[in-house]
Amino acid sequence: MIQLKSIHHIAVICTDYAVSKAFYTQVLGLSLQQEIYRAERNSYKADLALNGQYVLELFSFPDVPARLSYPEAAGLRHLAFEVNNVEEARQGLLDHGVDVQEIRVDEHTGKRFCFFADPDNLPLELYER
């Protein structure tokens, strides 16, 4: 068995780079560590950090195909972000005009959570610490 140390990063491909970059940095608060334009691919790549730790690569490519999210399809289900207070975080998203589902309670842990989507309808979750 190999010895994994941690999850290094998550990669997201978006359809509108400027809109998605603004969403992840200005709405969710991730910080831009590095941004590269790759002319040979007509593609941007941004490295985004959460609390100073590199966690997400944001890519743009021309004419990307849509990916099924609803109904749920095989593959990555959603990306969850831990928050201290799900009500406050949910309200912050609503204040930015983000459509957020109602808060639910995890029947196994008793923790509160809610779902929302990024500009490309990628399912995201807020999960209370």
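Me: Let's start with helix α1: which strands does it lie across, and at what angle does it run to β4?
Reply: Bear in mind that this is a predicted model. Helix α1, residues 17-27, lies across β1, β2, β3 and β4. Its direction is at about 160° to that of β4.

Me: And what is the strand order in the open sheet of four strands?
Reply: Going across the sheet, you meet β1, then β4, then β3, then β2, and the pairing is mixed. The edges are β1 (10-14) and β2 (31-38), each of which pairs on one side only. From one strand to the next, the twist averages 20°.

Me: Which way do β3 and β4 run, and how many bridges join them?
Reply: They run antiparallel, with six bridges between β3 (residues 43-50) and β4 (residues 53-60). For a landmark, find Leu48 and look across to Leu56 in β4, which stands opposite.

Me: When I look along a strand, where should I expect the side chains to point?
Reply: As a general idea, side chains in a regular strand alternate between the two faces of the sheet.

Me: OK, on to β8. Is that strand mostly covered or mostly open?
Reply: Mostly covered: β8 spans residues 123-128, and five of its six residues are buried. Strand β5 (residues 79-83) pairs with β8 in the parallel sense, over five bridges. In that pairing, Val83 has Glu128 of β8 as its bridge partner. Strand β7 (residues 112-117) also has five bridges to β8, but that pair runs antiparallel. There, Phe113 stands opposite Tyr127 of β8.

Me: What links β7 and β8, and which residue in the turn has a positive phi?
Reply: The two strands form a hairpin with five residues between them. Check Asn121 in the turn: its phi is positive, about 70°.

Me: Now Arg90. Why does that residue count as buried?
Reply: The cut-off for buried is under 20% relative accessible area. Arg90 counts as buried because its relative accessibility is 14%. You'll find Arg90 in helix α2, residues 86-95.

Me: Which residues is Arg90 in contact with, leaving aside its neighbours within four places in sequence?
Reply: Val100, Gln101, Glu102, Ile103, Cys114 and Leu126. Take Ile103 as an example: it sits 13 residues from Arg90 along the chain, and their C-alpha atoms are separated by 8.3 Å.

Me: Let me zoom out. What pattern does the protein follow along the sequence?
Reply: It reads β-α-β-β-β-β-α-β-β-β. In total that comes to two helices and eight strands. The C-alpha atoms fill a box of roughly 50 × 45 × 30 Å along the principal axes.

Me: How much of the protein counts as buried, and what does it expose?
Reply: Of the 129 residues, 31% count as buried. The exposed area is about 8,700 Å², and carbon and sulfur atoms supply 51% of it.

Me: Among contacts between residues at least 6 apart in sequence, what share joins residues at least 24 apart?
Reply: That share is 47%.

Me: Last one: how many positive and negative side chains are there, and how far apart do the centres of the two sets lie?
Reply: There are 12 positive and 19 negative side chains, with the two centres 6 Å apart.

Definitions and conventions
Residues are numbered from 1 along each chain as its sequence is written. This is a predicted model: local features need pLDDT of at least 70, side-chain atom pairs count only at pLDDT 80 or more; totals for chains, interfaces and linings use all residues. Side-chain values use heavy atoms; hydrogens and water are left out. Buried means under 20% relative accessible area, exposed over 50%, partly exposed in between (1.4 Å probe, protein chains only). Contact means heavy atoms within 4.5 Å. Accessible areas come from the Shrake-Rupley method with a 1.4 Å probe; for residues, only the protein chains shown count as cover. Lys and Arg count as positive and Asp and Glu as negative; His and the chain ends are not counted. The place of a charge is taken as NZ of Lys, CZ of Arg, CG of Asp or CD of Glu. Two strands pair if DSSP finds at least two bridges between them. Axes are lines fitted to C-alpha atoms, for helices over the stretch in contact, and angles run from 0 to 180 degrees between N-to-C directions.
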